[in-house]
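Here is a colleague's note to read alongside the structure, set out as numbered points. Please keep the sequence and the view open together while working through them.

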Amino acid sequence: MWYKKEIKSVSKEQTAFLNRLRKRKHAVHTIQWVLLVGFFLLWETAARFDWIDPFIFSQPTRMLNAGIQMGKDGSLWTHIGTTLWETVAGFVLGTLIGTLTAILLWWNRFVSNVAEPYLVVLNSLPKTALAPIIIVWLGNNQTSIIAVALLTSVIVTVMSVLNGFLQVDNEKIKLIQIFGGTKAQVLKKVVFPANIPCILNALKINVGLSFVGVIVGEFLVAQSGLGFLIVYGSQVFKLDWVMLSVIILAILAALMYQGIAFLEKKCLKWQQ
Amino acid sequence: MRPIVSLEDVSLRYHSINGETLAVSDMCLFVQEGEFLSIVGPSGCGKSSILSMLAGLIAPSEGNISVNGEIGYMLQKDYLLEWRTIRNNALLGLEIQNKLTPQNIAYVEELLDQYGLGDFKDHYPYQLSGGMRQRVALIRTLAIRPSILLLDEPFSALDYQTRLSVSDEIGTIIRKEGKTAILVSHDISEAISLADRVVVLSARPAQVKRIYDIHLTTDEYSPIKAREAPEFREYFNAIWKELDVHVV
């Protein structure tokens, strides 16, 4: 069989090298898990032995109980669903509108020259400072929260995607023109496809930014959502709710990031 | 016979913030159908500008340019689009010109098969060697069935070994397909080995300094064999002197 021959041809040094690599990877994973489990165990122990006050620090078992209880009465799922929907709407809209704006600015360099200083200033401005204004304008509702999430990600998307568009090799654009291609074809055949990695990267960054916008929005106006649960829990001193929400947020953010990383891998099979 | 390409008293000026540059001055040049013309000149003398004008990418400031045929243009690098397969890269020109007919697609498939890329049609550019990529670029150019090929130092991105074999290959393909070709190069040997005529340009502003008719005695034509012809060295020395290259 060919594969047996293949295995035989691997030298001793190579096998040792591969084993070392495998061991190292194994050690990294083990320590990561030990740290995670150890953290929660220490937290639990500290609370049980009254080294910390579980009333203000909460404790893993209390969080778990709170989670099970809220899961049973369904309120936990409503909160998660609300935040998830707002975040997804925020980063999808932010990426979409940002990319469309970047296309517009690429198309018309005069407009982009005019817009440049405004983009720079808006980019450095903390967008959450605009949240109260948005709420006054759009009302005490979910639309405002999505708008805040969108605002946090849209400007940085415009800037990074436009930058990607402008960095496309001029000779590749010339290639399209040589065949008599129009500006729309330059965009469709070269500039846009060359920047799909850049847009997917923007999408990844926007997941995090959109969460910031949603949580701030929920702090201000919401009646449900994890941000609401955090604020409400801290006001009524239900730290179990607060800590639980933070942990769920961390898990959601990680899952979404992984989802986009997966999408990236699917879309970019032409890369080495 | 009416020339297929002619430049009459063509001048070109570039404008920038720092002022005006005369890149090409009063150039006259005629190319006959089926001819392989090489243009050599000191670097930065405006050789590429001449090709850009012929391709209609920039307009001359003065003078007349007439081109009687479809132009195919090969750039300095292959510029294959990384996200397209080899087949789709080769079809790019047809796609842009809305000529994706079954016959044209079959023609491209045939060219790919014929020039050793048949097994790589569904591969991506990063999986191919430099020489193969250059061949794909040539097929992409040939796909639109141009009668005139413009070659802008198309081998300059390759290492010397690959460059020799690719220029041999591509030169042979162009002869075989019976195309008119205009090659811009700074490599004197390459220019002589491929061409029927070599045009030597002056430093900027580019003007025709001298034209050499190349007659090499070889049994069978191939650019690599051409380098072994007894006359090769004489042409090389003459053009080298004409170019007046100063080694600093």
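1. Strand S5 of chain B and strand S6 of chain B, the latter made of residues 148-152, are joined by 4 bridges and run parallel. This is a predicted model, and the pairing described here is therefore to be read as part of a prediction. Two residue pairs show how the strands line up: B:Met74 has B:Leu151 as its bridge partner in S6(B), while B:Tyr73 stands opposite B:Leu150 in S6(B).

2. Is S5(B) covered on its faces by buried residues, or exposed, and which residues lie on each side? Both faces are covered, with B:Ile71 and B:Tyr73 buried on one side and B:Gly72 and B:Met74 buried on the other. The general background is that side chains in a regular strand alternate between the two faces of the sheet.

3. The sheet to which these strands belong is an open one of 6 strands in chain B, with the order S5-S6-S7-S3-S8-S9 and mixed pairing. Strand S5 (71-74) and strand S9 (208-213) of chain B stand at its edges, and because each has a single partner strand, one side of each is left without a neighbour in the sheet. From one strand to the next, the twist averages 15 degrees.

4. Chain B also holds an open sheet of 3 strands, in which the order is S2-S1-S4 and the pairing is antiparallel. Here the edges are taken by strand S2 (19-31) and strand S4 (62-67) of chain B, each of which has a single partner strand, so one side of each lacks a neighbour in the sheet. Neighbouring strands of this sheet are turned against each other by 30 degrees on average, when direction is ignored.

5. Within that sheet of 3 strands, strand S1 of chain B, covering residues 5-16, is joined to S2(B) by 9 bridges, and the two strands run antiparallel. One place to look for this pairing is B:Tyr14, whose bridge partner in S2(B) is B:Thr21. Helix H1 of chain B, residues 47-54, packs on the sheet and touches S1, S2 and S4 of chain B, while its direction makes about 115 degrees with that of S1(B).

6. Taken as a whole, chain B has 9 helices and 9 strands. Its radius of gyration is 18 Å, close to the 18 Å that the globule rule gives for 248 residues, so chain B is as compact as a globular protein of that length. The C-alpha atoms of chain B fill a box of roughly 45 × 45 × 40 Å along the principal axes, and buried residues make up 40% of the 248 residues. Among the contacts in chain B between residues at least 6 apart in sequence, 73% join residues that are at least 24 apart.

7. Chain A is built from 13 helices and 0 strands. How does the radius of gyration of chain A stand against what the globule rule gives, and what follows from that? The radius of gyration is 25 Å, well over the 19 Å that the rule gives for 272 residues, so chain A is more spread out than a compact globule. Along the principal axes, the C-alpha trace of chain A spans about 75 × 70 × 30 Å. Of the 272 residues of chain A, 32% count as buried, and residues 24 or more positions apart account for 75% of the contacts with a separation of 6 or more.

8. Two packed helices are described by the angle between their axes and the distance between the axes. Helix H7 (residues 131-138) and helix H11 (residues 196-221) of chain A pack at an angle of about 60 degrees, with their axes 10 Å apart, which means that H7(A) is oblique to H11(A). The crossing of H7(A) past H11(A) is right-handed. On the H7(A) side the contact is made by A:Ala131, A:Pro132 and A:Ile135, and on the H11(A) side by A:Val216, A:Gly217, A:Leu220 and A:Val221.

9. H7(A) also meets helix H8 of chain A, residues 142-166: their axes come within 9 Å and cross at roughly 145 degrees, and this crossing is right-handed. The residues that make the contact are A:Ala131, A:Ile134, A:Ile135 and A:Leu138 of H7(A), together with A:Thr143, A:Ser144, A:Ala147 and A:Val148 of H8(A).

Note on methods. Residues are numbered from 1 along each chain as its sequence is written. Chains are lettered from A and ligands numbered from 1 in the order in which they are written. This is a predicted model: local features need pLDDT of at least 70, side-chain atom pairs count only at pLDDT 80 or more; totals for chains, interfaces and linings use all residues. Two strands pair if DSSP finds at least two bridges between them. Axes are lines fitted to C-alpha atoms, for helices over the stretch in contact, and angles run from 0 to 180 degrees between N-to-C directions. Two residues are in contact if their C-beta atoms, placed from the backbone, lie within 7 Å. The radius of gyration is taken over C-alpha atoms; the globule rule is 2.2 Å times the number of residues to the power 0.38. A residue is buried if 20 or more other C-beta atoms lie within 10 Å of its own, exposed if 12 or fewer, and partly exposed in between; C-beta atoms are placed from the backbone. Angles under 35 degrees count as roughly parallel, over 145 as roughly antiparallel, 65 to 115 as roughly perpendicular and the rest as oblique. A crossing is left-handed if the near helix is turned anticlockwise from the far one by less than a right angle, and right-handed if clockwise.
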